[in-house]
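Student: Could we go through the charged side-chain pairs of this protein together, one step at a time?

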Amino acid sequence: MDQTKSLDLKKEKRKTAFSGVDIPMTLIAAALVAFGCLMIYSASSVYAEQYHHDRGYFIVRHLIFVLLAIGVTALAVKFATPVFWQKFGVFLYGASAVMLLLVLVIGSDLGSGAKRWLDFGFFTVQPSEIAKLGLILTLAKYMADHRDRIVGKKKGTFRFGVLYPALLIGFILVLVALEKHISGLMIIGTIGISVMFLGGTKLRWILSILGVIALAGVLLIVLFPYAQARVDTWIHIEQADPLGSAWQTLQGLMAIGSGGLFGRGYGMSRQKFGYVSQPQNDFIFTIVCEELGFFGALAVIALFAFFVWRGFTIARNAPDTASSLIVYGLTFKVALQVIMNIAVVTNSMPNTGISLPFFSYGGTSLMLQIFEVGIILSISRFSSNRKI
């Protein structure tokens, strides 16, 4: 009798696993991807015509990345379970670490001056993007597996709640630091600390870690001229070389300011004509502001706000602690990158390469962002909240 009930329960769980995807999150993510495609075409058309003699050069590739990502993601949503993502995370963490090591030996800079990519000829991979996902999945599983040690009063609270997770984060940070990837350091470190905090690490230890990171940031600026130059340009933007280090920031601000309330109109940007450097990448939000104005920019921010709200809702109702931490981590990652990207283009923080999720052109990051939405949707199938 008990065995029959067990089989019936497994069948019911399997049936549930093929239905019940969170509809609001699906629609929000679809809207962000579609909006991003529209802006990629508008922002990139002039640059693509000038350098590739094809106005559709970037949008065609962008759409290919989107379709490939949606295909893989659909399979993952349909068949993967929360337990699968926890096991997959350990593999991904190890694979990303190997790729980060390979970058140091055979990496390509793709013209940026910093080796951060593995170039396979017909496609490139940025291992630091994969490392973000691998760290979230692995750290979420670790914090859940050792929760009793972390939040309880047993011996080893510091070891399990601070030391071991800090080593998981620190190992990736060291490899990313060797790439001289400042934005990657900030994002990975902040995401790791957020998962630790949500996983039960005591606040006093979190504050101590933040203090150490702040000190490390100061040392980074002091020891590395390229970091110091960016901070100097940010603080003294009015005195910086308008044709050199301050060019992209100043042109981006001009694009934002010229958009007004309602913008120049879709496709009517002037700053994309060689003023905002590679406008389809990190500074695409400035083109959104110029063409669609304040209200268009507000619509983009609102979509991201809805994304975060829905992600946190799914996380609160996740079937287990590890799944909850995974969704929290992935949602926080999107929120953090959006905040930092907008802060950079508005000169609220030093200029460093941070893409706008779902909008900025880039194969690895875009495909992973869509795939990460798939992980969230996969977990939502097993959550306890009512699908609306």
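Tutor: In this predicted model, let us begin with Glu-129 and Lys-132, which lie three residues apart in helix H5 (residues 127-145) and are therefore separated by about one helical turn.

Student: How far apart are the closest N and O atoms of Glu-129 and Lys-132?

Tutor: A salt bridge needs a side-chain nitrogen of Lys or Arg within 4 Å of a carboxyl oxygen of Asp or Glu. Glu-129 and Lys-132 form such a salt bridge, and both residues are buried. Their closest N and O atoms are separated by 3.1 Å.

Student: Is Arg-264 buried, partly exposed or exposed?

Tutor: Arg-264 sits in the loop between helix H11 (247-258) and helix H12 (284-316), and forms a salt bridge with Glu-290, a residue of helix H12. Glu-290 is buried, with a relative accessible area of 0%. For Arg-264 the relative accessible area is 32%, and buried would require under 20% while exposed would require over 50%, so Arg-264 is partly exposed.

Student: Which residue meets Glu-372 in a salt bridge?

Tutor: Glu-372 belongs to helix H14 (residues 363-380), and its partner lies 39 residues apart from it, in helix H13 (residues 321-345). Glu-372 is buried at a relative accessible area of 3%, and the partner also counts as buried, at 2% relative accessibility. The N to O distance is 3.1 Å, and the partner is Lys-333.

Student: How many salt bridges does the count come to?

Tutor: The pairs discussed here include Arg-264 with Glu-290, whose closest N and O atoms are 3.2 Å apart. By the rule that the nitrogen must lie within 4 Å of the oxygen, the number of salt bridges is six.

Terms used
Residues numbered from 1 in each chain as written. Predicted model: local features only at pLDDT ≥ 70, side-chain atom pairs only at ≥ 80, totals over all residues. Heavy atoms only, no water. Helix = DSSP H or I, 4+ residues; strand = E, 2+ residues; numbered from the N terminus. Buried < 20%, exposed > 50% of the residue type's maximum accessible area, 1.4 Å probe, protein only.
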